[in-house]
Amino acid sequence: MAYAKQYSIDHKEERKARKHEYDKINRDRNREYYVVWYKKNGRNRADNYLEKILEWNETFPRRKAMHRKLYRAIKAGKVTRPEICPNCGRSAKIQAHHVNYEHFMNFVWLCASCHKREHNDNKA
Ligand SMILES: [Zn+2]
Ligand SMILES: [Zn+2]
């Protein structure tokens, strides 16, 4: 069945090429979306909205990778998710808030409402 094998190899390449194309389109679409979004909503768009987009593009994949790593560490039992929020002492679903994205362990545990507040405070 040499033919069938060859066929699947050809297809693999084709699929890879197609995925690449798809990623590229997706990336461009995302960029367009954020350009429009910042034009509409960006407060200081005149001086830094492009910069913000670049920043977002830079941090987003990193953030995803960090969460993936942290999740793996939790699964592996290397990190334990507390039952109580270390900030307010409430018992709730605790989320990881990354202080920065230099390392996946640079995070603090926060309940959903503390987490939300943390992000709002940072914005102000
Ligand atoms: Zn809390
Ligand atoms: Zn956060």
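**View 1. The largest nonpolar core in this predicted model is built from five residues.** Its members are Cys85, Ile94, Leu110, Cys111 and Cys114. In soluble globular proteins, nonpolar side chains tend to be buried together. Burial is sparse across the chain as a whole, though: 6% of the 124 residues count as buried.

**View 2. Here we look at Cys114 and the residues it touches.** Leaving aside residues up to four places away in sequence, Cys114 is in touch with Cys85, Asn87 and Cys88. Cys85 appears in the core of the previous view too, together with Cys114 itself.

**View 3. Arg31 sits in helix α1, which covers residues 2-41.** Arg31 has 14 other C-beta atoms within 10 Å, so it is classed as partly exposed; a buried residue would need 20 or more, and an exposed one 12 or fewer. Follow the chain for 23 residues from Arg31 and you reach Leu54; the two C-alpha atoms are 9.1 Å apart in space.

**View 4. The protein chain brings together three helices and two strands.** Along the sequence, these elements come in the order α-α-β-β-α. Among contacts with a separation of 6 or more, 27% link residues 24 or more positions apart.

**View 5. Confidence varies between the elements of the chain.** Strand β2 (residues 107-111) has the highest mean pLDDT, at 96, while α1 has the lowest, at 75. For the protein chain the mean is 82, with 85% of residues reaching 70 or more. A friendly reminder for any close-up: where pLDDT is low, the predicted coordinates should not be read in detail.

Definitions and conventions
Residues numbered from 1 in each chain as written. Chains lettered and ligands numbered in written order. Predicted model: local features only at pLDDT ≥ 70, side-chain atom pairs only at ≥ 80, totals over all residues. Core = buried A, V, L, I, M, F, W, Y, C linked by C-beta atoms within 7 Å. Contact = placed C-beta atoms within 7 Å. Helix = DSSP H or I, 4+ residues; strand = E, 2+ residues; numbered from the N terminus. pLDDT = per-residue confidence, 0-100.
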